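Reader: I should like to understand how the terms used for a protein model are justified. May we go through them one at a time?

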Amino acid sequence: MLGNKNAIATIAVKDMNVAARFYEGTLGLTPLPAVPGVLSYKSGNSTVLVYESQYARTNKATAATWAVGDDVEGVVKSLKAKGVTFERYDLPGTTQTDDVLVSGKIKAAWFKDPDGNILQLVNG
């Protein structure tokens, strides 16, 4: 039923202005027409919704993942140049090269937005 439908990442934040600076300025997402109380962004062929919530800063899991192709290291380097700090996770069967976790052919990196939402980059 949903297998051929697009999914939308929906991310809770405390401060819409801070979120807008991060998602537009730091990540370079393209704003979509405004909906009251929601920031909508185009990201490739998908959409990211950012909304203000009292439950922001409570998620301890990955909220959104970007498939960035074979240049995970290059995207990490570009985001670090904009002040993004990357997380390190010790996962079984993986190695860590700088800020990129490697498991076989899979490369991944995680960082947080200003509200602590965990965001991921992955090759693919």
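**Terms and their grounds**

Author: Strand β3 (residues 38-43) and strand β4 (residues 46-52) run antiparallel and are joined by 6 bridges. The model is predicted, so local features need pLDDT of at least 70 and side-chain atom pairs count only at pLDDT 80 or more, while totals for chains, interfaces and linings use all residues. Residues are numbered from 1 along each chain as its sequence is written, and side-chain values use heavy atoms, without hydrogens and water.

Reader: What makes β3 and β4 strands that pair?

Author: Strands are DSSP runs of E, at least two residues, numbered from the N terminus, and helices are runs of H or I, at least four residues. Two strands pair if DSSP finds at least two bridges between them. Here there are 6 bridges, and one of the partnerships is that of Val38 with Tyr51 in β4.

Reader: Why are β1 and β2 called edge strands?

Author: The open sheet has 4 strands in the order β1-β4-β3-β2, with mixed pairing. Strands β1 (8-13) and β2 (30-31) each pair on one side only.

Reader: Why is Glu73 called partly exposed?

Author: Buried means under 20% relative accessible area, exposed over 50%, and partly exposed in between (1.4 Å probe, protein chains only). Glu73 has 37%, and is therefore partly exposed. This residue lies in helix α2 (residues 72-81).

Reader: Which residues does Glu73 contact, leaving aside neighbours within four places in sequence?

Author: Contact means heavy atoms within 4.5 Å. Glu73 is in contact with Val100 and Lys107. The C-alpha atoms of Glu73 and Val100 are separated by 6.9 Å, although the two are 27 residues apart along the chain.
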